[in-house]
Amino acid sequence: MVFESPHLFSADELRWLSTIVDQMAVAIANARLYEEALNRLRELETLHRASEIAVRFTDFDALIDQIIRLLQEDPAFQFVALFLVDPADPDVLVRYRTSGREEEAQRAHRLRRGEGVVGRAAATRSPVRVPDVQADEGYLPRIPQTRAELAVPLLLGDRLIGVLDVQSPEPGAFQEDHVRLLSALAGQLAIALENARLFQQVRRRLNELSVLYEVIAAATATLDPERVIHQALLAIQRTLGFEAVECLLLEERTGHLRSFGHYGFSEQAISVPLTIHQGITGRVARTGIPALVPDVTQDPDYLEAEPGTRSELAVPMKIENRVIGVLNAESPRLNAFTEEDLRLMTTLAGHLAVILENARLYRETTQRLREVTTLYEFARRMSTTLDLGILLDSVVTTLREVLHCRAANIMLLNPRTEMLEIRAAAGVKDRWRQEARLRIGEGIAGQVVQQKRPIYVPDTRADPRFVVFDPSVRSLLCVPLMVGDRVIGALSVDHEIPHAFQPEHERLLTIVATQAAAAIENARLFYELKAHAEELRRAYEELQEADRLKDEIVQNVSHELRTPLTFIKGYVDLLLDGQMGPLTEAQREAMEIIAEKTNLLSRLVSDIVTLQRIERGALNFEAVDIVALARVSVQSFQLTASQAGLEFTIEDPGGPAIVWGDRERLSQVLDNLLHNAVKFSPNGGRITVRIQDLEDSVQVSVQDTGIGIPPDKLERIFERFYQVDGSTRRRFGGMGLGLAIVKRIVEAHGGRVWAESELGKGSTFYFTIPKPPTTAPDELLEFLFGES
């Protein structure tokens, strides 16, 4: 209060005014303290509510949304935004959430540290308050209504995780209590966000383990891949909540992707054919690289199969570096899949790939075992019978049982008519067995025989080559029966349903056809051999009878010749001795010729008889000194040799060489060999007799320097009646029995005889005779002292 006149108030009035002023000051101070207490209470209430939100909400996004709503209850916080540090670049802050007002869309999406109010708070790691943004040089104008801004960093220890930013259209809207509140709230929010992140990681890991557990449990419970895939897809749907998931398997031969299990997709989408050159899944199957597509409309490879799809996640299913399929998820929402989803799906795809590969290997192993069992059964049956009818019937019957097909048949080529005819069948009606006849090149079997290769008809109604005998046949697999390069027929199996056979069936049928063809050929050869053996048996019996008759004739002739020869020889000797009167010189020469020819004929008869009688049981075995025997034989030929200009040489071991044999017959062997040597050495030369002591036998050789023997005749010289020169004008006489007798005697002794020769240079004849048997010590003791 101001007055123009001085001294208007008395001392009492002044004291009264002073008292009033003091009371007013107290009231004002109390009002200020009350307001501060009220603000502090509101701060504490806000922080308490923030703590409750942090405890109640473990979902990251839900927690942030609740905190932003809480801040918006303060009139000063018109615009609220949360920026988080980019994991890929710690110097960049990404706008994560806003209060949702239309103006918020104008905020910067990405800021670097030091850029704008938010960037300065991140760079300084301390709150930044701007009372009037129009007066701030570093301010980045975004929301036109903004006049004041407050940014507080979210710190977790020394680590910056983001910035909480509020703006107001009123200049100076933010005071120290706002800074204090927002700083405290930022600390709580930083801890809550980290806890929510960790909780999400744990929950996702639990979800991942849950899905993997269900997949592994399904894999251990069954080897059926379809059941395992079905269980895996259900686990993904239940745990991860994906709208649509499918498992596509790659057919390597065709490059097609075939749906092996799915949920959430329409039948229209599943029916769309896919290859490795179509769509996002095709790219993944072709390259082996996963695809996380936030917006499929922005991907040039996207092929619309399911209408309404906005995002897609496809990962390859690989065994080592080989892609066997694709695990694909689709959603009608943009950005529906995260990097965590990609990681989980990749892990799951790896497990499913191993499970599917194991199932494939098990299926192949089972199939191979079935094939081996079938082939073993074929081999067993083929080894137990050579009856061609039984054999072929067993083949088609076993094939029908193993392949579970409608029918199996074997068509063989009739060489007379050049037509294929059914010779064995299982499951084929009798009518078709009788009527089915095909020319080469006609029908499937005819083309198989013509082209010498298997033919598979998945659907007979779609193949004009198929000749209809039985209209119930819908699929047919036929392979040729080959013997070397020659086709003898065809083996076929058929079914009442299309596409009934797989590549492994063709492999099995080809192996069976090879075995069947070999069995048919073996049976044919057996019957031919059997017929030939029967012919040989009859011929052998005829030969045996002829040989018996020949021996009988020879024996009879020899017997009949021996008696008159004895009389002739006796009378010739009497005449030559002069006992029947004197002979003229001409008569004597004639008698000497008759005596010589009679002696020759007697020796011939003796040789024939010798050949008939020589057997091991007829020999008189004893210890014989073959050296002494050879010297006696050589001495007996000395006169003849000297007359022919021949020289004899004996090479021996220097002492006796004892053999176990018949002295008379061994002497006959030496005489025959020396006789041959002298006879075939007409121009003189040397005849060498060598005796070598071997380990178990003694080897004797007679070597001459005569005319020799042609190489092509050498193998036959020991045959009876064989002459090297068999012409009527041959130079050397004889009946060809001497060497045959040598061979017969030596072999009867358990020895061996052979010859070596060089035409024009001479021949060497060898034979071996075993040494005397050694007596075992026990046998010797028993002989000396008896059994005791």
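Q: How many bridges join β1 to strand β6?
A: This is a predicted model. In it, β6 covers residues 159–168. Val80 has its bridge partner in β6, and that partner is Val166. β1 and β6 run antiparallel, and the count of bridges joining them is 6.

Q: Which residue in β2 is the bridge partner of Leu84?
A: β1 spans residues 79–86, and β2 spans residues 89–98. These two strands pair in the antiparallel sense over 6 bridges. Within β2, the partner of Leu84 is Val94.

Q: Through how many residues does a hairpin join β1 to β2?
A: Start with the facing pair: Asp86 of the one strand stands opposite Asp89 in β2. β1 ends at residue 86 and β2 begins at residue 89. The hairpin joins the strands through a link whose residues number 2.

Q: Why is β1 largely enclosed by the rest of the structure?
A: Burial here means a relative accessible area under 20%. β1 is largely enclosed because its buried residues number 8 of 8.

Q: Which strands stand at the edges of the open sheet of 6 strands, each with a single partner strand?
A: The order across this sheet is β3-β2-β1-β6-β5-β4, with antiparallel pairing. The strands at its two edges each have a single partner, so one side of each is left without a neighbour in the sheet. From one strand to the next, the twist averages 20°. The edge strands, residues 110–112 and 128–130, are β3 and β4.

Q: What is the order of the open sheet of 5 strands?
A: Its pairing is mixed. The edges are β20 (646–651) and β24 (752–758), which each pair on one side only. The twist averages 15° from one strand to the next. The order reads β20-β22-β23-β25-β24.

Q: Which residue in β25 is the bridge partner of Gln699?
A: β23 takes in residues 697–703, while β25 takes in residues 762–770. These strands run antiparallel, and 7 bridges join them. The partner of Gln699 is Thr768.

Q: At about what angle does helix α16 run to β25?
A: α16 (residues 663–679) lies across β20, β22, β23 and β25. At its start, a side-chain oxygen of Asp662 reaches to within 3.1 Å of the backbone nitrogen of Glu664. Relative to β25, the helix runs at about 175°.

Q: How far does α16 reach from its first C-alpha to its last?
A: The helix has 17 residues. At 1.5 Å a residue, the expected reach is 24 Å. The model comes close to that, with a reach of 24 Å.

Q: How many of the 17 residues of α16 are buried?
A: Nonpolar residues such as Leu666, Val669 and Leu670 are among the buried ones. Arg665, Ser667, Gln668, Asn672 and Asn676 are also on the buried list. The helix is largely enclosed by the rest of the structure, because the buried count is 12.

Q: Which element gives the largest share of the largest nonpolar core?
A: In soluble globular proteins, nonpolar side chains tend to be buried together. This core holds 39 residues. The elements giving two or more residues include α14 (626–636), α17 and β25. The largest share, 7 residues, comes from α16.

Q: Which residues touch the most other members of the largest nonpolar core?
A: Take one of them: leaving aside neighbours within four places in sequence, Phe767 is in contact with residues including Val669, Leu670 and Leu673. Its contacts also include Val698, Val700 and Val746. Apart from this core lies another, of 32 residues, among them Val211 and Leu327. In the largest core, the residues touching the most other members are Ile626 and Phe767.

Q: Which residue follows α17?
A: α17 covers residues 738–748, and its buried residues include Leu739, Ile741 and Val746. The residue that follows has a positive phi, near 85°. That residue is Gly750.

Q: Is Leu206 buried or exposed?
A: Leu206 lies in helix α4 (residues 176–221). Leu206 and Thr239 are 33 residues apart in sequence and 9.5 Å apart in space, C-alpha to C-alpha. The cut-off for exposure is over 50% relative accessible area. The value for Leu206 is 52%, so Leu206 is exposed.

Q: What percentage of the 788 residues of the protein chain count as buried?
A: The chain's secondary structure comes to 18 helices and 25 strands. Of its contacts with a separation of 6 or more, 59% are between residues 24 or more positions apart. The share of residues that count as buried is 41%.

How values were computed. Residues numbered from 1 in each chain as written. Predicted model: local features only at pLDDT ≥ 70, side-chain atom pairs only at ≥ 80, totals over all residues. Heavy atoms only, no water. Pairing = 2+ DSSP bridges. Helix = DSSP H or I, 4+ residues; strand = E, 2+ residues; numbered from the N terminus. Axes fitted to C-alpha atoms, helices over the stretch in contact; angles between N-to-C directions. Buried < 20%, exposed > 50% of the residue type's maximum accessible area, 1.4 Å probe, protein only. Contact = heavy atoms within 4.5 Å. Core = buried A, V, L, I, M, F, W, Y, C linked by side-chain atoms within 4.5 Å. Expected span 1.5 Å × (residues − 1). Polar contact = N/O pair within 3.5 Å; in protein donor to acceptor, adjacent residues only side chain to side chain.
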